[in-house]
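The questions below ask how certain descriptions of a structure are justified. Each answer sets a value against the cut-off that applies to it and then concludes.

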Amino acid sequence: MEMKAQLADFQLLTATPLTPAIGAEISGVDLSQPVSDALFEEIHRALMEYQVIFFRDQDIVIEQQKSLARRFGALHSHPAAPAHDGDAEVMMIRGDEKSKVVAGNFWHSDVSCEEEPPMGTLLHLHQVPPSGGDTLFASMYAAFEALSAPMQSFLSGLSARHGSEHVYRGRYGVKEDPAREYPTAVHPVVRTHPETGRKGLYVNPTFTVKIEELKSRESEALLRMLYDHMAQPEFQCRFRWKKHSLAFWDNRCTQHFAMWDYYPQVRHGLRVTVKGGRPF
Ligand code: SIN
């Protein structure tokens, strides 16, 4: 299904694109109020078109964030991060003067190491640093569409292993069983979005470990080329957070990079993730 033709006629919200490739700021929506079916349909359509959407000044509690997320599907629990306040469906995102690492400080699509990675993620920030702490988003549709036809065709026959032990082991400061197993999965290098039908690149430097059909050196060289290609600024937008901004990104067609340039300042918020299907 091609979404572009249906667009531009939102009745209940205004969508202001950030760049031609990706991202739109949504205004006219108060997420502390119940989201009607008609408004949900427009938010969904905006997400499909812009791949990541941003809401400002949303003074909402976690139950309201979760209830918007649930309109898109069942909630996902992170395979390694600790539950927030005993709730495995909520992940705290925090950087401060004690942090040794922060989540997402590298290009990635969330938890792509799982067999069925999350479709989307909603992040609401409660505290932001005076400057910095932006998140960069890149359109994997734009990255795929900019490749030559022979390269698109070559990549379309390949699959890649995504792993997570190298990312998650020891990261959360809890004592871990050395025998603990971490998610790993094989996905197509070019993924078809199940709702828009568009194709996008689906390898990322955080979780992807090897292209299955290639020799190690070939895989390393091809992945290096793809990561370099994907990181071109024209495929991106960059979001400057304010207190109570909420971002909702579609992991099936985007990657993001949370910039940790604000140490020792505090950046704090809560993340909720919606389950997704097996990539094809
Ligand atoms: C993440 O990858 O979920 C973190 C994103 C962010 O902090 O902006």
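Q: How do you know where a helix or a strand begins and ends, and what places Q232 in a loop?
A: Helices are DSSP runs of H or I with at least four residues, strands are runs of E with at least two, and both are numbered from the N terminus. In this predicted model, Q232 falls between α6 (216-230) and β12 (236-239), and its place is therefore in the loop that joins them.

Q: What is the confidence in the protein chain, and where does pLDDT stay under 50?
A: The protein chain averages a pLDDT of 95, and 97% of the residues score at least 70. Residues 1-6 stay under 50, and for this stretch the model has twelve contacts beyond four places in sequence.

Q: Why is Q232 called buried, exposed or partly exposed?
A: The class "partly exposed" lies between the limits of 20% and 50% relative accessible area, and Q232, at 27%, therefore counts as partly exposed. Its side chain has a polar atom 3.0 Å from the backbone oxygen of H229, while the C-alpha atoms of Q232 and A143 are 8.3 Å apart in space although 89 residues separate them in sequence.

Q: What makes a residue part of the surroundings of the ligand, and which residues are they?
A: The criterion is a heavy atom within 4 Å of the molecule. The residues that surround the ligand are I93, A103, G104, H108, D110, L123, T135, W249, H256, A258, R267 and R271. By class, this shell has five nonpolar, four polar and three charged residues.

Q: How do you know that T135, R267 and R271 make polar contacts with the ligand?
A: A polar contact requires a pair of N or O atoms within 3.5 Å. A polar side-chain atom of T135 lies 2.6 Å from an oxygen atom of the ligand, a side-chain N or O atom of R267 is 2.8 Å from a ligand oxygen, and for R271 the corresponding distance is 2.6 Å. Each of these distances therefore satisfies the cut-off. The protein buries 99% of the 260 Å² that the ligand exposes when taken alone, and the elements that give two or more residues to the shell are β14 (254-258) and β15 (267-274).

Q: Why is Q65 called buried or exposed?
A: Buried means under 20% relative accessible area, and Q65, with 2%, is therefore buried. Q65 lies in helix α2 (residues 62-72), and its side chain reaches the backbone oxygen of L122 at 2.9 Å, while a polar atom of that side chain lies 3.0 Å from the backbone oxygen of L270. Beyond its neighbours within four places in sequence, Q65 is in contact with residues including I60, L246 and R271; R271 is also one of the residues around the ligand.

Q: What class of accessibility does L246 have, and why?
A: With a relative accessible area of 0%, L246 falls under the 20% limit and is therefore buried. L246 is placed in strand β13 (residues 246-250), and among the residues it touches beyond four places in sequence are L31, F55, Q65 and W241. The C-alpha atoms of L246 and W260 are separated by 18 Å, with their positions 14 residues apart along the chain.

Q: Why does H162 count as buried or exposed, and what does its side chain meet?
A: Against the same limit of 20%, the 0% relative accessibility of H162 means that it counts as buried. H162 is in strand β7 (residues 159-162), and a polar contact of 3.5 Å joins its side chain to that of T208.

Q: What sets D57 and V111 apart in their backbone, and why are they called buried or exposed?
A: Neither is a glycine, yet D57 has a positive phi of about 55 degrees and V111 one of about 50 degrees. D57, in the loop between β3 and α2, has a relative accessible area of 64%, over the 50% limit, and is therefore exposed. V111, in the loop between β4 (90-95) and β5 (120-127), is at 2% and therefore counts as buried.

Q: What makes R56 and S245 partners in a polar contact?
A: Their side chains meet at 3.0 Å, within the 3.5 Å limit. R56 also lies in the loop between β3 (52-55) and α2.

Technical notes: Residues are numbered from 1 along each chain as its sequence is written. This is a predicted model: local features need pLDDT of at least 70, side-chain atom pairs count only at pLDDT 80 or more; totals for chains, interfaces and linings use all residues. Side-chain values use heavy atoms; hydrogens and water are left out. A polar contact is a pair of N or O atoms within 3.5 Å; within protein, one must be able to donate a hydrogen and the other to accept it, and residues adjacent in sequence count only if both atoms are side-chain atoms. Accessible areas come from the Shrake-Rupley method with a 1.4 Å probe; for residues, only the protein chains shown count as cover. Ala, Val, Leu, Ile, Met, Phe, Trp, Tyr, Cys and Pro count as nonpolar, Asp, Glu, Lys and Arg as charged, and the others, Gly among them, as polar. Buried means under 20% relative accessible area, exposed over 50%, partly exposed in between (1.4 Å probe, protein chains only). Contact means heavy atoms within 4.5 Å. pLDDT is the predictor's confidence in each residue, from 0 to 100.
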